[in-house]
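Subject: Structure handover

Hello,

Here is the structure we spoke about. Please open it and keep it beside this note while you read. My findings follow below.

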Amino acid sequence: MRKLYSVFLLPFFIASVGCAPTPDVVSGNEVKDDHWPKAGITYEIFVQSFYDTDGDGIGDINGVTKKLDHVKDLNANAIWFMPIMPSPSYHKYDVTDYKEIHPDYGTLEDFKKLIEEAHRKDIRIVIDMIINHTSSEHPWFLEAKKGPDNPFRDYYVWAGKDTIADHINKKQTTLDSDNIRQWHDPGHGDEFYYGFFTGNMPDLNFDNPKVREEIYEIGRFWLEEMGVDGFRLDAAKHIYPDDRPEDNHAFWVEFREEMEKIKPDVYLVGEVYDMKEVVAPYLPGLPALFNFDFHYTLLESFEKGEGMLLAQRQKEILDYYFDITDDFIDATFSSNHDQPRLLSSLKGNEAKARQAIVILMTMPGAPYLYYGEEIGMLGEKPDEHIREPFLWDVEENDTGRATWIEPKFSTDDTVIPLAKQKDDPESKFNFYKEITSLRANDRVLTLGSLELTDLELNKTVMGYERHHNGEVYKVFHNIGDAEVEFDLDDQDYEVVYKHGNVDVKNGKISLAAYESVVIK
């Protein structure tokens with residue numbers, strides 16, 4: 001029997017309100033290679049809500065193929081797809097067939113064509129791989145629950161009712177699961193199966209070598225036969241319980257070795273929702289890991305008006321990881337499919353939301369963008385309302401808009417559709433194009449290390465340096481709602497980028513509310 005999990009609860013932060021300065025790119029330093037995955041941009045798509053080509057109200061694979069130029073407009077080097085395999089749920093995190101495409105989304109042939117077209121445009125494809133659990137409707141589980149003698153029984157984790165009586169309802173909620181009950185009765189009353197997330201998602205038993213063989217074969221199928229470039233590994237810390245962390249770490253090392261036998265440059269990014277001391281031991285198996293601290297500290301910084309909070313914490317995290325290995329990819333993000341959308345987290349404050357992306361794009365790492373953020377989509381829990389349909393055009397003209405859900409937050413009344421934003425040079429979309437272009441076309445911002453500034457700064461100013469091949473950029477963000485002024489050193493500086501009407505002269509910088517500047 002697997003033992004029970006212990007949990008670490010991270011804080012959740014929400015920030016407040018202000019006005020938007022206008023960005024202005026002044027100069028750039030051309031990058032000849034996109035540096036993905038180490039430092040490139042990845043765009044996350046929920047296919048169901050992206051673009052519908054067959055009129056059934058559900059986004060599909062062909063819709064993504066049709067909109068690949070939109071991904072290119074945002075200077076993204078890769079797409080991460082939320083689950084695309086058959087599943088009984090709208091979110092598809094409970095898989096019933098690991099070697100198929102959900103019929104609502106299209107066919108394997110559609111997906112192959114997407115990959116071919118994406119690769120032709122130099123866009124890599126990363127898919128969600130959900131191997132911690134299957135659907136309770138997966139053929140393996142349907143067989144397993146028939147009885148102890150079934151050959152698939154040991155694909156899952158079982159325990160006698162009496163042995164787990166004291167543990168059935170003892171799980172605390174975590175940021176990646178609000179489920180309390182983790183042992184579930186399949187209907188016979190004598191043996192229960194383990195499902196960390198829900199009873200509809202029974203956990204696989206990775207102590208069984210046959211399960212591992214199945215998973216490695218699934219990886220081979222998608223990498224070799226379909227041609228994907230890598231996997232986002234869901235719930236990576238839950239392969240085994242938290243009191244078996246060494247087994248978790250060892251599994252991912254083995255998984256990486258098996259995948260690299262198939263595709264030596266395979267990209268693997270893991271979801272390990274925890275503090276750095278818990279996350280770090282996963283690095284040998286999962287060289288890319290999502291930086292949840294970045295997301296939450298970014299919001300906390302705005303809430304508290306403490307400029308150096310994020311820079312200091314990010315420096316501490318990166319130094320900690322790089323002391324362990326330099327084979328590390330810091331997957332940063334400002335929002336994703338599990339967190340409230342950025343503009344909603346910032347209480348609708350457009351100035352803060354724009355500056356948050358400036359911060360994301362001027363920090364080191366490999367940043368992820370969540371679909372719809374570039375047009376200012378809104379969304380709060382429950383999760384389906386963080387995943388509402390993309391607004392391509394005004395409703396009467398939007399033939400590709402998904403209609404599988406009635407949107408609560410992102411509607412024509414609250415969000416300006418993409419078609420209208422394209423014609424407005426001051427729009428959110430054109431701002432995203434500009435700031436992602438700055439990031440993609442400047443080697444120092446793409447590849448530079450992070451160092452903290454030694455200047456005396458106002459409390460609301462975030463200051464840091466980016467160092468690369470002897471070149472140094474100084475970056476400053478005023479995350480407060482009042483103008484600040486501070487002294488530079490005696491050197492002369494050139495403005496690389498300014499967000500707002502920033503004044504840099506006579507050895508001083510003046511930053512109005514939510515303005516940013518990069519100088520060299």
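Helix 8 passes helix 9 in a right-handed crossing. This is in a predicted model. Helix 8 covers residues 292-304, and helix 9 covers residues 308-324. Their axes lie 9 Å apart, at an angle of about 160 degrees. Angles over 145 degrees count as roughly antiparallel. Helix 8 and helix 9 are therefore roughly antiparallel to each other.

Which residues make the contact? From helix 8 come Asp293, Phe294, Thr297, Leu298, Glu300 and Ser301. Helix 9 supplies Leu309, Leu310, Arg313, Gln314 and Ile317. Sorted by character, the contact of helix 8 with helix 9 holds five nonpolar, three polar and three charged residues.

Next, the strands. Please go to strand 20, residues 516-519. Are its faces covered or open? Both faces are covered. Ser516 and Val518 are buried on one side. Val517 and Ile519 are buried on the other.

Strand 20 also has pairing partners. Strand 15 (residues 471-478) pairs with strand 20 in the antiparallel sense, over four bridges. Strand 17 (residues 495-499) runs antiparallel to strand 20 and is joined to strand 20 by four bridges.

What stands opposite Ser516 in strand 20? His477 does, and so does His499. Ser516 is a good place to start looking at these strands: it is one of the buried residues of strand 20.

Best wishes

Notes. Residues numbered from 1 in each chain as written. Predicted model: local features only at pLDDT ≥ 70, side-chain atom pairs only at ≥ 80, totals over all residues. Heavy atoms only, no water. Axes fitted to C-alpha atoms, helices over the stretch in contact; angles between N-to-C directions. Helix = DSSP H or I, 4+ residues; strand = E, 2+ residues; numbered from the N terminus. Parallel < 35°, antiparallel > 145°, perpendicular 65-115°, else oblique. Left-handed = near helix turned anticlockwise from the far one by under 90°. Contact = heavy atoms within 4.5 Å. Nonpolar A, V, L, I, M, F, W, Y, C, P; charged D, E, K, R; others polar. Buried < 20%, exposed > 50% of the residue type's maximum accessible area, 1.4 Å probe, protein only. Pairing = 2+ DSSP bridges.
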